[in-house]
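Trainee: Could we go through this one together? I would like to start with the packing and then work outwards.
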Amino acid sequence: MKMIEGNQKLAPPEIPTALQNARKDFPILKREVNGKPLVYLDNAASTQKPQSVIDTLTRYYEYENANIHRGVHLLSTEATGAYEEARQKLATYLNAADSAEIVFTRQATEAINLVAHSFVEPIVEAGDEIVITHMEHHANIVPWQLLCDRTGAILKIAPVTDNGQLDTEALKNLLGPKTKLLSFVYVSNAIGAINPAEELIAAAKDQGIPTLVDAAQAVQHTTVDVQELDCDFLVLSGHKMFGPTGIGALYGQLSRLEGMRPYQGGGDMISHVTFEGTTYKEPPSRFEAGTPHISGAIGLGAAVDYIESVGRDVIEDYEAKLMIYALKRLDEIPSLRVIGDFEKRAGAISFVMENAHPHDIGTVLDTEGVAVRSGHHCCEPLMRRLGVVATARASFSLYNNHQDVDALVDGLKKVNTLFG
Ligand code: PLP
């Protein structure tokens, strides 16, 4: 990922040709909030949806809607084709070797729970260890705590430095013969830090330790190549990458998925059922019990098409420049302190202000039409580690521009006046 250097000149970033029409592609950006044009800076929570994704969903329900995999009639065949095509699109997007390595889930959260239940639980014994980091989203903490409660395994936490960086050497020192999984966040949703995924995976691999990458905040900002990373598992959420809610995915190396027990039981994941015993399908079907979120998967495929139509290099480059601009402009507010001081950052800027609680910041900004998130961002341990109870977070996407940043800064100046 690109580095953001602190002392670059303040100039609004130019919008590249491939993004010139991006704002028009997202109909919601036309609406007003509290009488002001919407400035949507809560993209780490959920991105907005382009018209192409909305149209794909409408078209699916208007023309194709049917249950998949089990029907011989035309609608079912078409819906099955579209669902499996979406799986292939996501596989190509992540450079997975085989579309069978993509399991559709409800979101990143379910994908992590699936790995905990189906991969880790059968191989851990009391006293074994799972290593995560101090900057994980609760989705990558709580499933492991539950697993440890069930099995007697121990959760080890790799530390974060005072300035919000992962202490990679300390993490490596935690890895050992008892480690059954290293699971870490690629890009922090709370503070925007980017972790050195390849280095961490290589360190784990040296000791034969499987890895899970939480890429929920990475796949929409940069190219993520699972073969290059060589991770065993990777998880993502569709709604954070311009797709619908309720759909996400687990990438798992086929050799891993093949050896895993089912996650949930039900229709479509079985080969044969008798009362004496049941046999299961091969991955990915083994992990997709019941009727899946068919339209969600197809909508996610359309979201992937949208990102590809812009180009991930274009997005990464533009967002990096927008982030530099935003950081520089935030510097104008003396009472404001950006949380986390690191060379590499993507997606989010978290900050606090003297005298104003993050919820006050969020409320005042909302009156100006500016949507940011305030709170612990589902990262309570990280907040505590960094000495704050909550932050305000502005998080960016490809459709944001320097006017959005300017509106944010104007709103924050108002906060400063009200609370300063
Ligand atoms: N991991 C990270 C880094 C996230 O930012 C989030 C959501 O904010 C999640 C996991 C969980 O995503 P979801 O709620 O879509 O499962």
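Trainee: What do the buried residues of helix 5 pack against?
Mentor: Bearing in mind that this is a predicted model, the buried residues of helix 5 pack against helix 4 (108–120) and against four strands, namely strand 5 (129–133), strand 6 (154–158), strand 7 (179–185) and strand 8 (211–214).

Trainee: And which residues of helix 5 are buried?
Mentor: Within helix 5, which covers residues 142–151, the buried ones are Pro 143, Trp 144, Leu 147, Cys 148 and Thr 151. Looking down the axis of helix 5, one finds these buried residues within an arc of 140°, so they line one face of the helix.

Trainee: Where does Arg 150 sit, then?
Mentor: Arg 150 belongs to helix 5 as well, but with a relative accessibility of 47% Arg 150 counts as partly exposed. Its C-alpha lies 9.3 Å from that of Ala 126, and the two residues are 24 apart in sequence.

Trainee: What comes just after helix 5?
Mentor: Gly 152 comes just after helix 5, and Gly 152 takes a positive phi of about 85°. Helix 12 is likewise followed by a glycine with positive phi, in that case Gly 369, where the value is near 85°.

Trainee: Staying with helix 12, which of its residues are buried?
Mentor: Helix 12 runs over residues 358–367, and its buried residues are Pro 358, Ile 361, Gly 362, Val 364 and Leu 365. The elements that cover them include strand 14 (348–353), strand 15 (370–371), strand 16 (373–375) and strand 17 (391–395), together with helix 14 (402–419).

Trainee: Changing topic to the backbone, which residues does the cis peptide bond join?
Mentor: The cis peptide bond joins Pro 283 and Pro 284, with omega at about 5°. Pro 284 is placed in the loop that lies between strand 12 (278–280) and helix 10 (294–310).

Trainee: What is phi at Asp 268, and is that residue buried or exposed?
Mentor: Phi of Asp 268 is near 75°, which is a positive value in a residue other than glycine. Asp 268 sits in the loop between helix 9 (254–258) and strand 11 (270–273), and at 10% relative accessibility Asp 268 counts as buried, the cut-off being under 20%.

Trainee: And what about Cys 378?
Mentor: Cys 378 also has a positive phi although it is not a glycine, with a value near 60°. Its place is the loop between strand 16 and helix 13 (380–385), and Cys 378 is partly exposed, having a relative accessible area of 33%.

Trainee: Zooming out, how many helices and strands are there in the protein?
Mentor: The protein contains 14 helices and 17 strands. Its radius of gyration is 22 Å, close to the 22 Å given by the globule rule for 420 residues, so the protein is as compact as a globular protein of that length. The C-alpha trace spans about 70 × 55 × 35 Å along the principal axes.

Trainee: What share of the residues is buried, and what share of contacts is long in sequence terms?
Mentor: Of the 420 residues, 56% count as buried. If one takes the contacts between residues at least 6 apart in sequence, 72% of them join residues at least 24 apart.

Trainee: Last one, what about the surface and the charges?
Mentor: The protein exposes about 17,300 Å², with carbon and sulfur atoms supplying 50% of that area. There are 37 positive and 54 negative side chains, and the centres of the two sets lie 4 Å apart.

Methods
Residues are numbered from 1 along each chain as its sequence is written. This is a predicted model: local features need pLDDT of at least 70, side-chain atom pairs count only at pLDDT 80 or more; totals for chains, interfaces and linings use all residues. Side-chain values use heavy atoms; hydrogens and water are left out. Helices (H or I, at least four residues) and strands (E, at least two) are DSSP runs, numbered from the N terminus. The radius of gyration is taken over C-alpha atoms; the globule rule is 2.2 Å times the number of residues to the power 0.38. Buried means under 20% relative accessible area, exposed over 50%, partly exposed in between (1.4 Å probe, protein chains only). Contact means heavy atoms within 4.5 Å. Accessible areas come from the Shrake-Rupley method with a 1.4 Å probe; for residues, only the protein chains shown count as cover. Lys and Arg count as positive and Asp and Glu as negative; His and the chain ends are not counted. The place of a charge is taken as NZ of Lys, CZ of Arg, CG of Asp or CD of Glu. The arc is that of the directions from the helix axis to the C-beta atoms.
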